[in-house]
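Student: I've got a model open and I'd like to practise reading it. Can we go through it feature by feature?

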Amino acid sequence: MIQVLLVEDQEIVRRGLKTLLEIQPDLQVVAEAENGQKAIQQMENLAGGDSQPDIVLMDIRMPVMDGVEATQRICQQFPGTKILILTTFDDTQYISEAIRFGAKGYLLKDTPAQELAAAINSVHKGYTHFGPGILEKMLIAVSVSQPAAEKQPPPELAELTPREREVLQLIASGLSNREIAQKLFISEGTVRNHITNILTRLNLRDRTQAAIFANSFLSHLENRDPKLQSKT
């Protein structure tokens, strides 16, 4: 049974979400909160007990403490609990910040019950999850947030091999591990190894951060900057 802490400031929305979640046989709402501060208090109250949440379903815009700050603090205090953000298409800036602080996925508030349950299960298993169109919009926002001429690649980028840079470009394009493997004629295991190396060398948390990073320096990856050719 996956135990969920539901954080949403609007009571009517919170009730509706709770109803959707509790009709799923493998999900249980163990606590609710109307803002980020209350969410942290609930996590502290439940920590170490049988009802400690596995997943926090977190609204991003709330009074007292928003979902971004609450995400940061919960990820620091309770690293075993994963956070799935509830969002709208207008929350791109908040989405990017919450990713940086450790959120594992994003869903639109009107996501159907079955998709909501599937996303919670996916994040619980260790995957990231993004609702339709959210990742694409966020990557576009990142790409236009700073003029290309001002973007300088970090020195760590030079540590990637040419194959790792290829994999990073394909991650930025939104391809899955299987699609990358098929495109490069390598195994999925090899793709996973390359991604692990990429994340380690660039000090990134997951493939979502890798996609954002790659889109920030896409011109350097595509042009094969001579300064990045130190490794083969």
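Tutor: Sure, let's start with a pocket. The residues lining the second largest pocket divide into five nonpolar, three polar and two charged. Here Ala, Val, Leu, Ile, Met, Phe, Trp, Tyr, Cys and Pro count as nonpolar, Asp, Glu, Lys and Arg as charged, and the others, Gly among them, as polar. Bear in mind that this is a predicted model, where local features need pLDDT of at least 70, side-chain atom pairs count only at pLDDT 80 or more, and totals for chains, interfaces and linings use all residues. Residues are numbered from 1 along each chain as its sequence is written, and side-chain values use heavy atoms, with hydrogens and water left out.

Student: Which residues lie nearest the centre of the second largest pocket?

Tutor: The general idea is that rolling a probe the size of a water molecule over the atoms shows where empty space is left. A pocket is an open set of points on a 1 Å grid over the protein atoms alone, where a 1.4 Å probe fits, with protein on both sides within 12 Å along at least five of seven lines; lining residues have an atom within 4 Å of a point. In this case, Ser96, Arg100, Gln209, Ile212 and Phe213 lie nearest the centre. Helices α4 (92–101) and α10 (207–216) each give at least two residues to that lining; helices (H or I, at least four residues) and strands (E, at least two) are DSSP runs, numbered from the N terminus.

Student: How many residues has the largest nonpolar core?

Tutor: Such a core is a set of buried Ala, Val, Leu, Ile, Met, Phe, Trp, Tyr and Cys residues joined through side-chain atoms within 4.5 Å. Buried means under 20% relative accessible area, with a 1.4 Å probe and protein chains only. This one has 27 residues, and Val7, Met58, Ile74, Ile85 and Tyr106 have the most contacts inside it. Apart from it lies another core, of 22 residues, including Leu157 and Ala214.

Student: Is helix α7 enclosed or not, and why?

Tutor: Nine of the eleven residues of α7 (residues 162–172) are buried, so this helix is largely enclosed by the rest of the structure. Glu164 and Arg165 are among those buried residues. Just after α7, Gly174 takes a positive phi of about 90°.

Student: What is the strand order in the open sheet?

Tutor: Strands pair if DSSP finds at least two bridges between them. The six strands run β2-β1-β3-β4-β5-β6, with parallel pairing. At the edges are β2 and β6 (129–130), each pairing on one side only. Six bridges join β1 to β2, and Leu6 has Glu32 as its bridge partner in β2.

How values were computed. Buried means under 20% relative accessible area, exposed over 50%, partly exposed in between (1.4 Å probe, protein chains only).
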